[in-house]
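Visitor: Please take a close look at one part of this model, the pairing of charged side chains and its surroundings. I should like the cut-off behind each term to be stated as it arises.

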Amino acid sequence: QVQLVESGGGLVQSGGSLRLSCAASGIAFSFYAMGWYRQAPGKQRELVAEITSGGSTNYADSVKGRFTISRDNAKNTVYLQMNTLKPEDTAVYYCHAKFAVVAVEADYWGQGTQVTVSS
């Protein structure tokens, strides 16, 4: 059974920092691209950051220079370090795992963790 379990969300003041973690089980973690998405009330889910199995990263323009995604394949865990948080970063943050090789595809979502940034 595949599980992605997020942790590290919470309430923080504007300008503060949080680190989200996503622990994966039931998948060959090192072969998966991992990502963090977020969804604010009344808005669509959007990509925040992603990291490939090879370690390449990609960020939404709104978080570049403030957020850092990383992975520890030995711990089957992906992290999102969030610095200089702004009220507009308030959302539920979801962990995502994706595998796509030739004709084989699979993707999974975590249950989400709430991040609230107060002004």
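Guide: Two strands are said to pair if DSSP finds at least two bridges between them, strands being DSSP runs of E with at least two residues, numbered from the N terminus. The model is a predicted one, in which local features need pLDDT of at least 70 and side-chain atom pairs count only at pLDDT 80 or more, while totals for chains, interfaces and linings use all residues. Residues are numbered from 1 along each chain as its sequence is written, and side-chain values use heavy atoms, with hydrogens and water left out.

The strand framework may be taken first. Strands S1 (residues 3–7) and S3 (residues 18–25) pair in the antiparallel sense over five bridges, and Val5 has Ala23 in S3 as its bridge partner. S3 also pairs with S8, again antiparallel, over six bridges; opposite Arg19 stands Gln81 in S8.

Now to the charged side chains. Side chains of opposite charge can pair when their charged atoms come close. With a salt bridge defined as a side-chain nitrogen of Lys or Arg within 4 Å of a carboxyl oxygen of Asp or Glu, the structure holds four. In one of them, Arg38 meets Glu46 with the closest N and O atoms 2.7 Å apart. Relative accessible area is assessed with a 1.4 Å probe on protein chains only: under 20% is buried, over 50% exposed, and in between partly exposed. Glu46 is partly exposed at 36%, and Asp89 is buried at 1%. Arg38 itself is buried, at 6%. Arg38 also bridges to Asp89, the closest N and O atoms being 2.9 Å apart. Because Arg38 lies in strand S4 (residues 33–39) and Asp89 in the loop between strand S8 (77–82) and strand S9 (91–101), this pair ties together parts 51 residues apart in sequence.

Another bridge joins Lys64 to Asp61, with the closest N and O atoms 3.1 Å apart; Asp61 is exposed, at 66%. Shared partners join Arg38, Glu46, Arg66 and Asp89 into one salt-bridge network.

Two members of that network, Arg38 and Glu46, recur with Ala40, Lys43 and Glu88 as the residues nearest the centre of the largest pocket, which 13 residues line. A pocket, on a 1 Å grid over the protein atoms alone, is an open set of points where a 1.4 Å probe fits, with protein on both sides within 12 Å along at least five of seven lines; lining residues have an atom within 4 Å of a point.

Conventions
Helices (H or I, at least four residues) and strands (E, at least two) are DSSP runs, numbered from the N terminus.
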